[in-house]
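Below are some comments for a colleague who has the coordinates open and wishes to check the strand pairing, the packing and a few side-chain contacts. They are arranged as numbered points, to be read alongside the structure.

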Amino acid sequence: MKSLLALCFAFAAIGAVRSACTEGDIRLNATDSHARDLEPLTSVAAGRVEVCLHGQWGTVCSTSFDLQEATVVCRQLGYSTTGATYLSNAAFGEGLGPIQLNSLNCRGTEGRLVNCTESARPARCTHAEDVGVVCQVPGKSCRNGEIHLIGGDTRNKGTVQVCFNQQYGTICGERLSNSTASVICASLGYSREGAIAIPHTIYSMGIGLVQNVSCNGTERNVTQCLHSTTACPQSSRAAVLCKPTNPACRDGQIRLVNGTSRAVGRVEVCFNGEWGRVCGGGSWDNREANVVCRQLGFMPGNATTQPAPYGKGSGISLLDQVVCRGNETLLLSCTHAQVGSRECTYQQDASATCIEYSPFCVNGSVRLQGGRVQNEGRVEMCIGGQWGTICDQGWNSTAAKVVCRQLGFPNITAALAIAIPHASYGVGTGRIWFDQVRCHGDEPSLLQCTHPSTLSLTCSHSNDAGVLCPVTGQHCCVNGDVRLANGTSSNEGRVEVCYNCVWGTVCDSGWN
């Protein structure tokens, strides 16, 4: 008896669902994430087309669906027929239930979609071909030059939707440049610097007519750039990545995620202040993995060849077609393709398995050795668990400033930090890590400065670099003060002068 009652209730529920719509009604289903992406575009209504037949909602196949059919949909729903567009291949997600209409042929003047004729031999169709439509809301229009980035997980990235002639459209990515991206980012309130053009969006397919847009980077708005309507492959809708106001990381940083230990996982790189994927593809092998391991302070390891062993990453591929010699200290020092230059599947995400040291030191840390006091000495750096020295070729006060700041000395300026060449604090031992170090002066670590490669081949320990860092405090001497030391009375002795809060001697060459 209970099972019979349950069956009756089930049939009643099915009947309620089947009779929940009026024959011939249509709707745009906006529950899909792509439809939600379009919510900022208040002048349009968009979604997957669904039609009620025999008391049940179902979808419409995109086969032979064209602007005439889209026009009828918008008219029936009470929207403007001007600018009606359609998106095929389940752009708004795959629907449920039956495919109610297939291979439609509308004149464009019908008042209802069910009044259009269907082909006597409809095409085979699946929900992967569900059609979507975008209509213009009457009385609402966008402002020319208005821009939205849609589909991204943060406001600074996404597919570009731009208003031309009071209608939203997308930009073709085939010729999109970073100069154009910089104008888009600037008009949204972000910095022009660091704007990245992504020719093949991974966010949202966008809506509307496609424009070719070309900017030189100085324009205030894309309407001032060269633009024209163009045919463009659906896969080439453009997106941009603007530099975030509050960066989540420092450019060039890398990390391993989703692994069983901190030395194993999927490789992610910080670019433009955001973490993103590294595309492995065919070029990723042990040389690239070794650079990752070295930068993170691990022993050389191996690239993982199986697809996405540590899960799928998210967002765009920030590095692609990476090719390393194997001796670089930073992954960004390896050659690589332009960001977003091609589509990269999540199965191609790069990964690495490194070997952990029992470290003698922390990778990238520095120390001063051989000095008389703690603020001077030979510069030694830890790489891969080993201490080594720096060659003085190209060594200058800007690099010395970075070392002093890294060691915690306050109020560092290039004028106060002194570069000391020629192993003045004694010769070191072990490897000479770098020569020709070039710093801007604002780097947080000497490891972030540029240099040709790890291991100097043209330098000996007689060229070990040193620094003299300034110190502050109540016992600091005054620059320019002199004193006589080690004499038998106060009016004789070795001449010493104060510089940078340190007493030092004066050479007797030319002394008279």
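In which sense do S10 and strand S15 (residues 239-241) pair, and over how many bridges?

1. The pairing of S10 with S15 is antiparallel and runs over three bridges. Within it, Gly158 has Val240 of S15 as its bridge partner. Please keep in mind that the model is a predicted one, and that the values in the points below are computed from it.

2. Strand S10, which spans residues 157-164, is mostly covered, since eight of its eight residues are buried. Besides S15, the strand S9 (residues 147-150) is joined to S10 by four bridges, again in antiparallel fashion, and here Leu149 has Val160 in S10 as its bridge partner. S9 and S10 form a hairpin with six residues between the strands, in which Gly151 takes a positive phi near 90 degrees.

3. On the other side in sequence, S10 is joined to strand S11 (residues 167-171) by three bridges, and these two strands also run antiparallel. Val162 stands opposite Gly169 in S11. The hairpin made by S10 and S11 has two residues between the strands, and Asn165 in this turn has a positive phi of about 55 degrees.

4. Helix H4, residues 178-187, should be viewed together with these strands. Its buried residues are Thr180, Ala181, Ser182, Val183, Ile184 and Cys185, and the elements against which the buried residues of H4 pack are S9, S10, S11, S15, strand S12 (196-198) and strand S13 (210-214). Just after H4, a positive phi of about 95 degrees is found at Gly189.

5. Turning to the nonpolar packing, the largest nonpolar core holds 28 residues, and those with the most contacts inside it are Val267, Val278, Trp284, Val292, Val322 and Leu331. At least two residues of this core are supplied by each of S12, S15, strand S16 (254-257), strand S17 (264-271), helix H5 (286-295), strand S20 (317-319) and strand S21 (351-355). The largest share, four residues, comes from H5.

6. Val292 is a useful residue on which to centre the view of this core. Leaving aside its neighbours within four places in sequence, Val292 is in contact with Ile254, Leu256, Val267, Trp284, Leu331 and Ala352. A second core, separate from the largest one, has 25 residues, and Ile412, Trp433, Phe434 and Val437 are among them.

7. Is Gln100 to be called buried or exposed? This residue lies in strand S5 (residues 99-101), and it counts as buried because its relative accessibility is 15%, where the cut-off for buried is under 20%. A polar atom of the Gln100 side chain lies 2.8 Å from the backbone oxygen of Gln56. With neighbours within four places in sequence left aside, the residues in contact with Gln100 are Val51, Leu53, Gln56, Trp57, Gly58, Thr59 and Glu118.

8. Trp57, which is one of the contacts of Gln100, also has Arg27 over its face, at 4.1 Å from the ring centre. A further arrangement of this kind involves Arg255, which lies over the face of Trp275 at 4.1 Å from the ring centre. As for pairs of aromatic rings, the count comes to one.

How values were computed
Residues numbered from 1 in each chain as written. Predicted model: local features only at pLDDT ≥ 70, side-chain atom pairs only at ≥ 80, totals over all residues. Heavy atoms only, no water. Buried < 20%, exposed > 50% of the residue type's maximum accessible area, 1.4 Å probe, protein only. Pairing = 2+ DSSP bridges. Phe/Tyr/Trp six-rings, centres within 6.5 Å; stacked < 30°, edge-to-face > 60°. Lys NZ or Arg CZ within 6 Å of the ring centre and 35° of its normal. Contact = heavy atoms within 4.5 Å. Core = buried A, V, L, I, M, F, W, Y, C linked by side-chain atoms within 4.5 Å. Polar contact = N/O pair within 3.5 Å; in protein donor to acceptor, adjacent residues only side chain to side chain.
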